[in-house]
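I am opening this notebook to record what I looked up, entry by entry, for someone who has not met this structure before.

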Amino acid sequence: MAAPLVVRCGTLFDATGGPPLRDAAIIVRDGRIETVGPAASTPAPPGARALDLSSRFVMPGLVDCHSHASIVPGLGDQLGQLSRGPVPQALAATRNLARDLAAGTTTMRVMGEEHFLDLDLREAIEQGVVAGPRLLVAGRGLAANNGHGRVLASYDGVDEVRRGARENLRRGANHIKIFVTGGVSSPGTTPTSSAYTREEIRAAVEEAERVGTYAAAHAHGGSGLRMAVEEGVGTIEHAALATDEDIALMVERRAWLICTFAIFMHPTGIEQGDGRRPAIMDKMRWCRRLVDEHFPRHLASGVRFACGTDSMHGLMPFELATLVRLGVPTFDALLAGTRWGAEACRVDRETGTIEPGKRADLIAIDGDPLKDIRAMERVCLVMKDGVVEHRAGA
Ligand SMILES: [Zn+2]
């Protein structure tokens, strides 16, 4: 057992909802948070080591609710990237996950990989073989033969959906991912068309719920999104074309909205990767316009939301800055990147806030992101499970 650690914080944003605390201390023991309080009234236990972050803004590690470890959208043809063999996939993932961790992500939900790569990556990270965020994994995403997200296999009909879900769960998936509607980055589908029927969606939800987990649906809008919400998926991914009625249904059914802005808004995303494919670029520009127009109204509805980079590695700060640009108060943007993400991914008993009993996942920022959200780009230290995994410049 390592000696306890006292982390001295200039400002502590613990994400429990209260105001930030100046000059705070966190005591970490065996990878977990033992005590949090004002530095003056939080004595160091005997033999404790010290970590001085007294000039920094300290907050929980970020939760990226939607990514793919092996993809880099700026390289183009994302489905082609997923079709590579397991070795190039693993090598790419190793580099990508290190970038995510260095930018402050300590928990990441992976939303579909081939070769069950994400399950091996989760284990390799837990064992310290490679550096990366703690992973929550889906295994292979369930996609229809003519649907978005289809890579090496498809699952058609209720029985195949059940078989696919069960195989992922047998291998240890944390949740089920189902591609319900079309997407932006595949030329042949429209974002509001639905490849899956209600019965197929229901089968995925049932298989997940019977073993105590949930299904997450890729859905931009249209009848597929509505069916997914009605059938009880836990999270709706993207929802770029959701109408006010769709969002009202999500509020009623307590489904989470997982925003993924960077992939179609950041210049190094689809724009860089597939900029010469008009069928993709037109859809992307259309989505940008609609999200700018609709998201402020979605916000006002009270829908629960969190963020994901969708493989834009290291760009959680851009996701949070985009929330602020679209009208989210900075305080709430920081909650979306931490506690709300943990709630959406159902790991909020373990992470997402800085509270006694939780895993010691925290990051230190140079600057105050509550005053200027762009400070999130200056992550100078990342701790996961009580271990300093990254220091800027190191
Ligand atoms: Zn995705």
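Entry on the metal site. I began with the zinc ion of this predicted model, and I found that its protein donors are H66 through NE2, H68 through NE2 and D310 through OD, which lie 2.0 to 2.4 Å from the ion. I then wrote out how these donor residues are spaced in sequence, and the pattern reads H-x1-H-x241-D. Looking up where two of them sit, I noted that H68 is in the loop between β5 (62-67) and α1 (78-82) while D310 is in the loop between β12 (305-307) and α11 (316-325), so the pair ties together parts that are 242 residues apart in sequence. I also checked whether they are covered, and both H68 and D310 are buried.

Entry on the whole chain. I counted 13 helices and 15 strands in the chain. Its radius of gyration is 20 Å, close to the 21 Å that the globule rule gives for 394 residues, so I can call the chain as compact as a globular protein of that length. For its extent, I noted that the C-alpha trace spans about 60 × 40 × 40 Å along the principal axes.

Entry on contacts and burial. Among contacts in the chain with a separation of 6 or more, 69% are accounted for by residues 24 or more positions apart. Of the 394 residues, 59% count as buried.

Entry on surface and charge. I recorded an accessible surface of about 15,100 Å² for the chain, with 50% of it belonging to carbon and sulfur atoms. Last, I looked up the 45 positive and 49 negative charges, whose mean positions are 2 Å apart.

Key. Residues are numbered from 1 along each chain as its sequence is written. This is a predicted model: local features need pLDDT of at least 70, side-chain atom pairs count only at pLDDT 80 or more; totals for chains, interfaces and linings use all residues. Side-chain values use heavy atoms; hydrogens and water are left out. Donors are N, O and S atoms within 2.8 Å of the metal (3.2 Å for Na, K and Ca); water is not among the atoms, so sites may look incomplete. Helices (H or I, at least four residues) and strands (E, at least two) are DSSP runs, numbered from the N terminus. Buried means under 20% relative accessible area, exposed over 50%, partly exposed in between (1.4 Å probe, protein chains only). The radius of gyration is taken over C-alpha atoms; the globule rule is 2.2 Å times the number of residues to the power 0.38. Contact means heavy atoms within 4.5 Å. Accessible areas come from the Shrake-Rupley method with a 1.4 Å probe; for residues, only the protein chains shown count as cover. Lys and Arg count as positive and Asp and Glu as negative; His and the chain ends are not counted. The place of a charge is taken as NZ of Lys, CZ of Arg, CG of Asp or CD of Glu.
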